[in-house]
Amino acid sequence: MSSLEPSRRDTRLDSHIDQYADRTGSMTVSAVRALFSVANRPEVVSLAGGMPNIADLPLARLGDSFDRLVQTHGIQAMQYGSGQGELFMREKICEVMAEEAVVANPDDVVITCGSQQALDLVTRIFINPGDVILCEAPSYVGAMGTFNAYQARIHHVAMDEHGLIPQALEQAIVSLRAAGQAVKFLYTIPNFNNPTGITQPIERRREILDVTRKHGLLVVEDNPYGLLTIEGEPVDAMRSMDDDIVYLGSFSKTFAPGFRIGWVLAPHAVRERLVIAQEAAVLSPPVFSQFAIADYLDNFDWRGQIESFRSMYAARRDAMLHGLEAFMPPGTTWTVPNGGFFVWVTLPEGLDSQALLPRAVTERVAFVPGTAFYADGFGSRNMRLSFCFPTPERIIEGCRRLGKAIADELEMHNTFGLGTDEHRHRPVSGPAPNVS
Ligand code: PMP
């Protein structure tokens, strides 16, 4: 060993094991993590990750624009900034939200490091250990990771093809409260839900809000995908129908995730606490990113860019739907999203998506097993497929490989009778990492 090489301690034994906070225990490692390292190999078609395809951004022009930014505003753009986020950025964000009928005051916006950090701040200010958060069944793995980190109890509410079912929501609120549980908020993704791709129509949104108002339940509306509607115009945000909602937005899917700029729009009193929490967390959200994004919104045709993202993702969604139609064995069903990044597949009776994954990776295709999107072990007959990143040709090839893996698994199941109900609903360890 060269003397310059840093000495490496044996990390298998953790000498700090007795010192971790209780909440660390609820941060679980996924059983599928090992398979994901294989899934990232180039020969594997990954329908697993949720990375936006940003290759079509006008990189050369953006480079010139950032250059100019450093020359003209570098001293401010590279300095600490406001804990709430810069006023010019909050004003621009109000313009962006207006595209989905949200009328907002820049004073009620807090800029965050992606909407992921908005989830963290909202959970931090509302949740005591053991409090209940209502989520769609299934729901976004990254949100549930945050909720778990704050030791919330996640209670899933049933969905149908129009999203969250209002009657099931009401029943959950009433029965949990009757049992003495502190139900703190509903977390919902009304547009192109991650992972199902399902969108709540406007009428459903109203019904859900009738229930939450009746029971005095806060709604956290997470809307990173709304502007990526494929056919027709985006459905008005829930926040446009009720000012008393906490609304989360992001530039990650409509521009680029690397800037790490998202936001939360909240009723004024909530907003005040969020700013205090934000200052404690990061002092100020990334200032350079705010300058860069504001410059982009001022000097580029950002609406035109979203249009071109929409048609690029439409072609990929169509490729996936054709691929599924062509290659899935009978008994397999899937959702038809009108935007966003994801399709939710239900496997033929008796199959288990987590058990299928090694076979799929051998066939050189990867997906995320459905159990990652439930806090309670359900979802093992489901998988999330993403159509955002691979080219249409690769998506179709991925569907072909997946169809073969499912058909082979089905054959084995029919021969050996594996995959009982007990097996299907077996709880598994926590959410998969890096599958946003
Ligand atoms: N919410 C949902 C529903 C998401 O799918 C994601 C990213 N996959 C996020 C929030 C977080 O995105 P970001 O932090 O990049 O804004």
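## A tour from a buried arginine to a four-stranded sheet

Start by selecting R239, which is buried, with a relative accessible area of 6%. Keep in mind as you click around that this is a predicted model.

Now add D243 to your selection. Its side chain meets that of R239 in a salt bridge, at 3.3 Å from N to O. The two ends of this pair sit in contrasting surroundings: D243 is exposed, with a relative accessible area of 56%, whereas R239 is buried. If you're wondering what brings such partners together, side chains of opposite charge can pair when their charged atoms come close.

How many salt bridges does a search of the whole structure find? It turns up 23 of them, and we'll visit a couple more.

**Next stop: helix α3**

Select residues 87–98, which make up helix α3, and show the side chains of K92 and E95. These two are 3 residues apart, about one turn of the helix. Their side chains meet in a salt bridge at 3.9 Å, N to O. Try a surface view here: K92 is buried at 16% relative accessible area, while E95 counts as partly exposed at 40%. Before you leave, add D298 to the selection, as salt bridges that share partners join K92, E95 and D298 into one network.

**On to helix α7**

Helix α7 covers residues 202–214, and the pair to pick out is D210 and R213, again separated by about one helical turn. Their side chains form a salt bridge too, this one at 3.5 Å, N to O. Are these residues buried, exposed or partly exposed? D210 counts as partly exposed, at 47% relative accessibility, and R213 is also partly exposed, at 43%.

**A tyrosine in a loop**

Select Y150. You'll find this residue in the loop between α5 (141–149) and β4 (153–157). With 17% relative accessibility, Y150 counts as buried. The cut-off for that word is under 20%. Which residues does Y150 touch, leaving aside its neighbours within four places in sequence? The contacts are D120, T123, R124, I127, N128 and P129. Zoom in on D120: its side chain makes a polar contact with the side chain of Y150, at 2.8 Å. For a sense of scale, draw a distance line from the C-alpha of Y150 to that of E100: these atoms are separated by 31 Å, and the residues are 50 apart along the chain.

**Last stop: the sheet**

Switch to a cartoon view and look for an open sheet of 4 strands, in the order β11-β12-β15-β14, with antiparallel pairing. Colour β11 (333–334) and β14 (368–369): they stand at the edges, each with a single partner strand, so one side of each is left without a neighbour in the sheet.

Now walk across the strands. β11 is joined to β12 by 2 bridges, and T333 stands opposite T346 in β12. Carry on from T346 into β15, where its bridge partner is N382. Between β12 (residues 342–346) and β15 (residues 382–386) there are 5 bridges. One more pair to label is W344 and its bridge partner in β15, R384.

Finally, why is β12 largely enclosed by the rest of the structure? Of its 5 residues, 4 are buried, so the strand is mostly covered in this way. As you rotate the view, remember that in a regular strand the side chains alternate between the two faces of the sheet.

Key
Residues are numbered from 1 along each chain as its sequence is written. This is a predicted model: local features need pLDDT of at least 70, side-chain atom pairs count only at pLDDT 80 or more; totals for chains, interfaces and linings use all residues. Side-chain values use heavy atoms; hydrogens and water are left out. Two strands pair if DSSP finds at least two bridges between them. A salt bridge is a side-chain nitrogen of Lys or Arg within 4 Å of a carboxyl oxygen of Asp or Glu. Buried means under 20% relative accessible area, exposed over 50%, partly exposed in between (1.4 Å probe, protein chains only). Contact means heavy atoms within 4.5 Å. A polar contact is a pair of N or O atoms within 3.5 Å; within protein, one must be able to donate a hydrogen and the other to accept it, and residues adjacent in sequence count only if both atoms are side-chain atoms.
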